[in-house]
Amino acid sequence: MQAVVGRVPFDDAAGAWREVDNGSPVDAAGNFRGVAFEGPRQLATILKGDPAFAECMSRKALAYGLGRELTDADCPVVRSVDQRFAQGGHRLPELLVAVAMSESFRNRCPVPAEP
């Protein structure tokens, strides 16, 4: 994934929206892969239309759910999770259900904790 270019601190540490930061107005404009945006809604629209972003979300959610890094053997599962995520309109609840319903998640072996 390519980084978002621009200053995009439209929320504070607690996640609350803010218009001003240290007395200066917040500039919520930026650029993602050559597409300019103004604020989080426009950024979300751009990201939602980017298949690489959706696949990245699928990969990260699956890795987190499995509690391990993914390997090449996980590619079919990633595709399946990504497909279900897309069919669900790229909504977070659909992504989490897709991970939980994946064969890899349902048959995972817990890794023993280090002493």
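Contact, as the word is used here, means heavy atoms within 4.5 Å. With that in hand, the structure above, which is a predicted model, can be followed from its overall plan to the packing of its helices and then to several individual residues.

The protein has 5 helices and 4 strands, and their order along the sequence is β-β-β-β-α-α-α-α-α. Of its 115 residues, 28% are buried. When contacts with a separation of 6 or more are considered, 39% of them join residues that lie 24 or more positions apart.

A good place to begin is the meeting of α3 and α4, where V81, R84 and F85 of α3 are in contact with L92, E94, L95, V97, A98, V99 and M101 of α4. By character, the residues of this contact divide into 8 nonpolar and 2 charged, with no polar ones. Helix α3 covers residues 75–87 and helix α4 covers residues 92–101, and the two pack at an angle of about 150° with their axes 8 Å apart. Because angles over 145 degrees count as roughly antiparallel, α3 is described as roughly antiparallel to α4. The crossing of α3 past α4 is right-handed.

In the loop between α3 and α4 lies H90, a residue with a positive phi of about 55° although it is not a glycine. Most residues other than glycine have a negative phi. As for its surroundings, H90 has a relative accessibility of 30% and therefore counts as partly exposed.

Helix α3 also packs against α2, which spans residues 51–66; here the angle is about 120° and the axes are 9 Å apart. That angle makes α2 oblique to α3, and the crossing of α2 past α3 is right-handed. On the α2 side the contact is made by A54, E55, M57, S58, R59 and L62, which meet V77, V78, V81, D82 and F85 of α3. The residues of the contact of α2 with α3 comprise 7 nonpolar, 1 polar and 3 charged. Reading the two interfaces together, V81 and F85 of α3 appear in the contact with α2 and also in the contact with α4.

Another residue of helix α3 is R79, whose relative accessibility of 55% places it among the exposed residues, because exposed means over 50%. The C-alpha atoms of R79 and S58 are 8.4 Å apart in space, while the two residues are 21 residues apart in sequence. S58 belongs to α2, where it takes part in the contact with α3.

Turning to the strands, A29 is placed in strand β3, which runs over residues 29–32. With a relative accessibility of 22%, A29 counts as partly exposed, because buried means under 20%. A29 and G39 are 10 residues apart in sequence, and their C-alpha atoms are separated by 5.8 Å.

The loop between β3 and β4 holds R33, whose phi is near 50°, a positive value in a residue other than glycine. R33 is partly exposed, with a relative accessibility of 40%. Positive phi is thus a feature to look for at R33 in the loop between β3 and β4, as well as at H90 in the loop between α3 and α4.

Beyond that loop comes strand β4, made of residues 35–38, in which V35 is found. This residue has a relative accessibility of 39%, so V35 counts as partly exposed. Leaving aside neighbours within four places in sequence, V35 is in contact with G30 and I46. For V35 and I46, which are 11 residues apart along the chain, the separation between C-alpha atoms is 7.9 Å.

The cysteines remain to be considered. A disulfide is a covalent bond between the sulfur atoms of two cysteines. The criterion applied here asks for a pair of cysteine sulfur atoms within 2.5 Å, and by this rule the count comes to 0 disulfides. Among the cysteines, C56 has a relative accessibility of 27% and counts as partly exposed, and C75 is also partly exposed, with a relative accessible area of 28%.

Methods
Residues numbered from 1 in each chain as written. Predicted model: local features only at pLDDT ≥ 70, side-chain atom pairs only at ≥ 80, totals over all residues. Heavy atoms only, no water. Buried < 20%, exposed > 50% of the residue type's maximum accessible area, 1.4 Å probe, protein only. Axes fitted to C-alpha atoms, helices over the stretch in contact; angles between N-to-C directions. Parallel < 35°, antiparallel > 145°, perpendicular 65-115°, else oblique. Left-handed = near helix turned anticlockwise from the far one by under 90°. Nonpolar A, V, L, I, M, F, W, Y, C, P; charged D, E, K, R; others polar.
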